Amino acid sequence: MSSSLRVHYFILIAVIIVAGLCQGLLLPILSISLEQMGVSSSLNGMNAAALYIGSFAMTLVAERTLGLLGFKKLMAGGLVLVLITLLLFPLIPDIRVWFVLRLLVGIGDSALHYSAQLWILLVTPAEKRGRNISFYGMSYGLGFALGPLGLWLLDYGMLVPFAALALLCLLVLLLVLIKLPDSRPEKLESEARPTQRFRRSYSWAWYALLPAFLYGYMEASLNSNFPVYGLRIGFHTDEIAALLPFVSLGGLVLQLPLGILSDRWGRKKVLMSVGIAGGITFMLLPWSGNHFMFTLILLTLAGGLVGSFFSLGLAYAADLLPKSFLAAANVLASFHFNLGSVIGPNISGGLLDYGTQGSMFLVLGGSYVVFGLLGLFSRKRVPAV
């Protein structure tokens with residue numbers, strides 16, 4: 001990779017770290033604010049889901065928008081949208097306005113992900129593509145893990161964490177505008193004939209596509225609903241800010257070892273094993289009460305076990321499907337992730353309102369255990385393609 005391409009690559013990594021920071025901070029800080037405003041957990045969860053509804057909507061038009069604007073303009077537009085929206089949150093503390101603002105953040109965040117990921121794929125040599133994409137995923141995870149630490153800035157006023165995040169967005173935006181070339185993809189193949197390919201992808205790789213849904217469910221539920229759960233059982237805001245990053249940090253630590261293990265032992269076996277073990281760990285969380293260290297250990301272990309579900313699921317789908325079906329599988333996985341991200345906060349918020357305090361973890365953990373057991377009924381079918 002030439003020096004100029006290396007600079008471009010690290011700017012793209014900076015973009016995705018900021019995207020992770022935005023999601024990692026917005027989910028808990030807005031959930032805590034709505035809880036303190038007296039909003040019910042159900043409405044709180046519905047409000048949190050708006051970010052993923054916006055993200056889902058953007059994926060439907062991202063390819064066409066990129067063809068019209070190009071990489072640099074789409075990425076800059078996403079950063080500007082996120083930056084302006086961040087500054088509006090503390091200025092207009094209204095749940096209805098926040099729903100719209102979260103939709104806009106989801107649109108901007110999805111634009112950043114789509115353009116940065118595709119650009120990295122196009123500029124990276126084939127022999128380094130796996131490493132660079134893995135680093136891309138870990139960078140987002142790092143940003144997402146560090147985001148909740150911004151809750152500590154609440155001591156200086158509601159505006160401060162949003163302003164700090166907006167400043168980071170501005171710095172990255174300047175790098176994008178000054179350093180990145182105004183390029184477009186030479187050719188974006190239209191992976192048409194979707195009905196047949198999507199149907200066959202489900203038929204051949206349904207088990208490999210489920211992890212994306214579970215990962216979205218878990219990530220959105222924990223970051224949106226755990227702050228509310230924590231406040232209700234007696235944790236302080238700074239303790240919640242310290243606990244949440246360990247879910248993502250656990251995933252970062254175990255991501256590479258689990259990937260290597262799946263190469264040697266088989267991805268299905270690893271998915272089944274970590275799904276059952278991670279699910280049981282989540283189900284133990286209600287019994288930790290407000291004991292800080294016990295909760296930290298369980299969150300780190302659970303996050304580490306299931307934190308690679310999205311990437312392992314895609315890798316397993318690649319094992320099962322012909323190469324011509326991988327684009328369809330990626331689209332389906334993205335839809336599943338966004339669907340899980342929308343459903344998760346709503347189910348967990350409802351459970352906090354109408355169930356026991358720990359029921360959200362029993363349902364979340366039980367979902368992973370059921371997934372692991374479903375693997376016993378999944379059989380590899382060799383595609384006749």
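**Why the labels apply**

Trainee: Why is Leu-87 called partly exposed?

Mentor: Its relative accessible area is 33%. Buried means under 20%, exposed means over 50%, and partly exposed is what lies in between, with a 1.4 Å probe and protein chains only. The value of 33% falls between the two limits, so Leu-87 is partly exposed.

Trainee: What kind of model do these values come from?

Mentor: This is a predicted model, in which local features need pLDDT of at least 70, side-chain atom pairs count only at pLDDT 80 or more, and totals for chains, interfaces and linings use all residues. Residues are numbered from 1 along each chain as its sequence is written, and side-chain values use heavy atoms, with hydrogens and water left out.

Trainee: Where does Leu-87 lie, and which residues is Leu-87 in contact with, leaving aside its neighbours within four places in sequence?

Mentor: Leu-87 is in helix α3, residues 71–91. A helix here is a DSSP run of H or I with at least four residues, a strand is a run of E with at least two, and both are numbered from the N terminus. With those neighbours set aside, Leu-87 is in contact (heavy atoms within 4.5 Å) with Ala-163 and Ala-166. Between Leu-87 and Val-160 the C-alpha to C-alpha distance is 9.7 Å, although they are 73 residues apart in sequence.

Trainee: How many helices and strands does the chain have?

Mentor: The chain has 14 helices and zero strands. Of its 385 residues, 51% are buried.

Trainee: What makes α9 oblique to α10?

Mentor: Helix α9 covers residues 245–265 and helix α10 covers residues 267–284; their axes come within 7 Å and cross at roughly 130 degrees. The axes are lines fitted to C-alpha atoms over the stretch in contact, and angles run from 0 to 180 degrees between N-to-C directions. Under 35 degrees counts as roughly parallel, over 145 as roughly antiparallel, 65 to 115 as roughly perpendicular, and the rest as oblique. An angle of roughly 130 degrees belongs to the rest, so α9 is oblique to α10.

Trainee: Which residues of α9 and α10 make the contact?

Mentor: From α9 come Leu-258, Gly-259, Leu-261, Ser-262, Asp-263 and Trp-265, and from α10 come Arg-267, Lys-269, Val-270, Ser-273 and Val-274.

Trainee: How do you know that Arg-267 counts as buried?

Mentor: Its relative accessibility is 16%. That value is under the limit for buried, so the label holds. Leaving aside neighbours within four places in sequence, Arg-267 is in contact with residues including Gly-259, Ser-262 and Asp-319.

Trainee: Why is the pair of Tyr-229 and Phe-361 called edge-to-face?

Mentor: Rings of Phe, Tyr and Trp (its six-membered ring) pair if their centres lie within 6.5 Å; planes under 30 degrees apart are stacked, over 60 edge-to-face, and the rest tilted. The centres of these two rings are 5.0 Å apart and the planes stand at 75 degrees, so the pair is edge-to-face. Tyr-229 is in helix α7 (residues 194–233) and Phe-361 in helix α14 (residues 359–374), so the pair ties together parts 132 residues apart in sequence. Both Tyr-229 and Phe-361 are buried.

Trainee: What makes the pair of Phe-309 and Tyr-368 edge-to-face?

Mentor: Their ring centres are 5.2 Å apart and the planes are at 70 degrees, which puts the pair in the edge-to-face class. Phe-309 counts as buried at 0% relative accessibility, and Tyr-368 counts as buried at 0% as well. Both belong to one aromatic cluster with Trp-206, Tyr-207, Phe-282 and Phe-371.
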